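Please open the model in your viewer and keep the selection panel at hand. The tour proceeds by selections, each followed by an account of what is found there.

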Amino acid sequence: MVLIMFRFFRGKPPFTSSEVAAGYIEAFANDNLKDPYAWDDFELAPEANPEVNLAIRLCWFIAGTFPARTNSEYMNPDGKVYFKRIAQLLRDGVLTEYKNLD
């Protein structure tokens, strides 16, 4: 019942611009997010912008590919290079067209 109510009454997911999303991703990669929960809020919230949705899913994939080496990390530092590349492609508006992040 709660799931049904959530589906009907949650409203439309927000539309985050690619520029704003790229800023979050880049700030996270550079350890510059002021709010410790900002990344969680960003990556777990429903999103109406398909490019941002793709970027979030790519970030999940990268974080899984480059797992944390310590408990205080989200992923190991090698993954941050890819986060920055995702942010740049998102800013350029070509993320959905790009086939290789290297």
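Select Asn 76 to begin. In this predicted model, Asn 76 is buried, because its relative accessible area is 8%, under the 20% cut-off. Asn 76 sits in the loop between α4 (50-65) and α5 (77-92). Display its side chain together with the backbone of Pro 67: the side chain of Asn 76 reaches the backbone oxygen of Pro 67 at 3.3 Å. Which residues is Asn 76 in contact with, leaving aside its neighbours within four places in sequence? They are Phe 66, Pro 67, Ala 68 and Arg 69.

**The whole chain**

Now clear the selection and colour by secondary structure. The protein has five helices and zero strands, so that, from the N terminus on, its elements run α-α-α-α-α. Of its 102 residues, 31% count as buried. Switch to a surface representation: the accessible surface comes to about 6,900 Å², and 59% of this belongs to carbon and sulfur atoms. Among the contacts between residues at least 6 apart in sequence, 56% join residues at least 24 apart.

**α4 and α5**

Return to the ribbon and select the two helices that flank the loop of Asn 76, namely α4 and α5. Their axes come within 10 Å and cross at roughly 170°. That angle is over 145 degrees, which makes α4 roughly antiparallel to α5. Show side chains at this interface: on α4, the residues that meet α5 are Glu 51, Val 52, Ala 55, Leu 58, Cys 59, Ile 62 and Ala 63. Their partners on α5 are Gly 79, Tyr 82, Phe 83, Ile 86 and Leu 90.

Centre the view on Gly 79, which lies in helix α5. Is Gly 79 buried or exposed? At 0% relative accessibility, Gly 79 counts as buried. Leaving aside neighbours within four places in sequence, Gly 79 is in contact with Ile 62 and Phe 66. Draw a distance between the C-alpha atoms of Gly 79 and Phe 66: the separation is 5.5 Å, for two residues 13 apart along the chain. Phe 66 is also one of the contacts of Asn 76.

**α2 against α5**

Add α2 (residues 18-29) to the display. The axes of α2 and α5 come within 8 Å and cross at roughly 165°; α2 and α5 are therefore roughly antiparallel to each other. Their crossing is left-handed. On the α2 side, the residues that meet α5 are Ser 18, Glu 19, Ala 21, Ala 22, Gly 23, Ile 25, Glu 26, Phe 28 and Ala 29. On the α5 side, select Lys 80, Phe 83, Lys 84, Ile 86, Ala 87, Leu 90 and Arg 91.

**α2 against α4**

Hide α5 for a moment and look at α2 with α4. How do these two helices run relative to each other, parallel or antiparallel? Their axes cross at roughly 15° and come within 9 Å. This angle is under 35 degrees, so α2 and α4 are roughly parallel to each other. α2 passes α4 in a right-handed crossing. The contact is made by Ser 18, Ala 21 and Ile 25 of α2 with Glu 51, Val 52, Ala 55 and Cys 59 of α4.

Restore α5 and select Ser 18, in helix α2. Ser 18 is buried, with a relative accessible area of 19%. Not counting residues up to four places away in sequence, Ser 18 touches Asn 49, Glu 51, Val 52 and Leu 90. Draw a C-alpha to C-alpha distance from Ser 18 to Leu 95: these residues are 77 apart in sequence and 9.9 Å apart in space.

**Beyond the helices**

Next select Thr 96, in the segment after α5. At 45% relative accessibility, Thr 96 counts as partly exposed. Leaving aside neighbours within four places in sequence, Thr 96 is in contact with Glu 51 and Leu 54. The C-alpha atoms of Thr 96 and Val 52 are separated by 9.9 Å, although the two residues are 44 apart along the chain.

For the last stop, select Asp 31, in the loop between α2 and α3 (38-44). The phi angle of Asp 31 is near 60°, a positive value in a residue other than glycine. Asp 31 counts as exposed, at 58% relative accessibility.

Terms used
Residues numbered from 1 in each chain as written. Predicted model: local features only at pLDDT ≥ 70, side-chain atom pairs only at ≥ 80, totals over all residues. Heavy atoms only, no water. Helix = DSSP H or I, 4+ residues; strand = E, 2+ residues; numbered from the N terminus. Buried < 20%, exposed > 50% of the residue type's maximum accessible area, 1.4 Å probe, protein only. Contact = heavy atoms within 4.5 Å. Areas by Shrake-Rupley, 256 points an atom, 1.4 Å probe, with all protein chains shown as cover. Polar contact = N/O pair within 3.5 Å; in protein donor to acceptor, adjacent residues only side chain to side chain. Axes fitted to C-alpha atoms, helices over the stretch in contact; angles between N-to-C directions. Parallel < 35°, antiparallel > 145°, perpendicular 65-115°, else oblique. Left-handed = near helix turned anticlockwise from the far one by under 90°.
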